[in-house]
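User: Please take a close look at the salt bridges in this model. Which residues pair up, and where do they sit?

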Amino acid sequence: MTVVVAPVAASQTLEPGGKLLLTRGISNVEGSGGGGLTPWALITGNGTDRGVGTSAHYSYAAVADFDVESFGAAVGLYDRLELSWSQMTLDTREAGAALGLGEGYEIGQDIWGAKLRIAGDAVYGQDTWLPQIAVGLQYKTSDRGDLVKALGAQEDEGIDVYASATKLFLSESILANATLRYTSANQTGLLGFMGDTEMELQPEVSLGYMLSRKLIVGGEYRFKPDNLAFAQEDDYFDVFGAYALNKNLTLTAGYVDLGSIATFENQRGLYLSAQIGF
């Protein structure tokens with residue numbers, strides 16, 4: 001793949017865009033810029049270090065017994081700071097009746113995120129091994145507080161703290177990311193939190209290969225806590241392909257394995273996402 005990196009212009013005029021395609025990442029289900037399951041160190045939106053970028057997303061996963069839906073928006077400020085909001089919903093479909101909740105019962109959470117790039121540049125740092133590094137947090141609050149506590153959670157709100165390192169090898173067309181998350185969330189927070197005493201470090205990894213400057217394929221693996229007594233919780237993983245139709249619209253499709261959710265095993269299925277970025 002041949003990539004031409006434009007020289008940094010001397011002008012400091014605010015620019016609405018300018019990033020290379022796909023270097024803003026896609027929106028993950030929690031609203032942060034990254035892959036579908038895990039945040040990357042990339043800052044969302046098309047804005048470079050001289051501008052402001054924005055993005056909005058809608059994601060949907062249909063697994064064996066549940067639907068998972070997410071939509072939200074984010075803003076990237078000068079390729080340095082990212083602020084995001086996302087609403088994530090678990091539709092229990094027929095499983096809701098089996099759990100005594102009622103068919104089609106929905107459990108949701110709002111997720112407010114902030115991410116700060118502290119070192120490196122994934123695009124312009126091609127002459128160094130230093131990856132782009134960012135730290136972030138996600139404040140999550142459940143809309144079913146009484147239910148998640150009845151299921152064994154200690155809290156219906158919580159904060160995930162994470163650090164991500166993303167390295168883009170343009171000459172090899174490879175993107176690699178590692179994230180370390182400090183969390184006590186059950187099923188990303190959809191089933192509540194175990195409080196400060198159960199906070200654990202959980203790694204997440206992503207690897208992508210750019211088949212062209214518009215198309216990247218890859219996979220992600222996300223380790224997760226397993227703290228609820230009534231049901232086992234498994235790690236997540238996916239394989240995906242993301243295609244940038246143009247600088248504003250990216251479509252993603254993938255296969256996702258969410259493991260066991262609320263005693264329902266083998267929750268695997270199709271994942272689709274659309275992201276608009278400016």
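The answer below goes through the salt bridges and then turns to the cavities.

Analyst: This is a predicted model. It holds twelve salt bridges.

Start with Asp160. Its partner Lys140 has its closest N and O atoms 2.8 Å away. The two residues are 20 apart in the chain: Asp160 belongs to strand 8 (residues 157–169), Lys140 to strand 7 (residues 132–142). Asp160 and Lys140 are both buried.

Asp160 also meets Arg181 in a salt bridge, at 3.0 Å from N to O. Arg181 is in strand 9 (residues 174–183) and Asp160 in strand 8, so this pair ties together parts 21 residues apart in sequence. Arg181 is buried, as is Asp160.

These contacts belong to a wider set. A network of salt bridges links Asp160, Lys140 and Arg181 with Glu30, Glu204 and Arg222.

Another pair is Glu233 and Lys224, with 3.0 Å between the closest N and O atoms. Buried means under 20% relative accessible area. Glu233 has 6%, so it counts as buried. Lys224 has 8%, so it is buried too.

Now the empty space. The model has six cavities of 30 Å³ or more. The largest has a volume of about 160 Å³. Its lining comprises 18 residues, with Val29, Val68, Met88, Tyr236 and Leu258 closest to the centre. Strand 3 (52–62), strand 4 (67–77) and strand 5 (81–91) each give two or more residues to that lining. By class, the lining has 13 nonpolar residues, four polar and one charged.

Technical notes
Residues are numbered from 1 along each chain as its sequence is written. This is a predicted model: local features need pLDDT of at least 70, side-chain atom pairs count only at pLDDT 80 or more; totals for chains, interfaces and linings use all residues. Side-chain values use heavy atoms; hydrogens and water are left out. On a 1 Å grid over the protein atoms alone, a cavity is a set of points where a 1.4 Å probe fits but cannot get out, and a pocket is an open set with protein on both sides within 12 Å along at least five of seven lines; lining residues have an atom within 4 Å of a point. Grid points are joined across faces, edges and corners, and a volume is the space filled by probe spheres set on the points. Helices (H or I, at least four residues) and strands (E, at least two) are DSSP runs, numbered from the N terminus. Ala, Val, Leu, Ile, Met, Phe, Trp, Tyr, Cys and Pro count as nonpolar, Asp, Glu, Lys and Arg as charged, and the others, Gly among them, as polar. A salt bridge is a side-chain nitrogen of Lys or Arg within 4 Å of a carboxyl oxygen of Asp or Glu. Buried means under 20% relative accessible area, exposed over 50%, partly exposed in between (1.4 Å probe, protein chains only).
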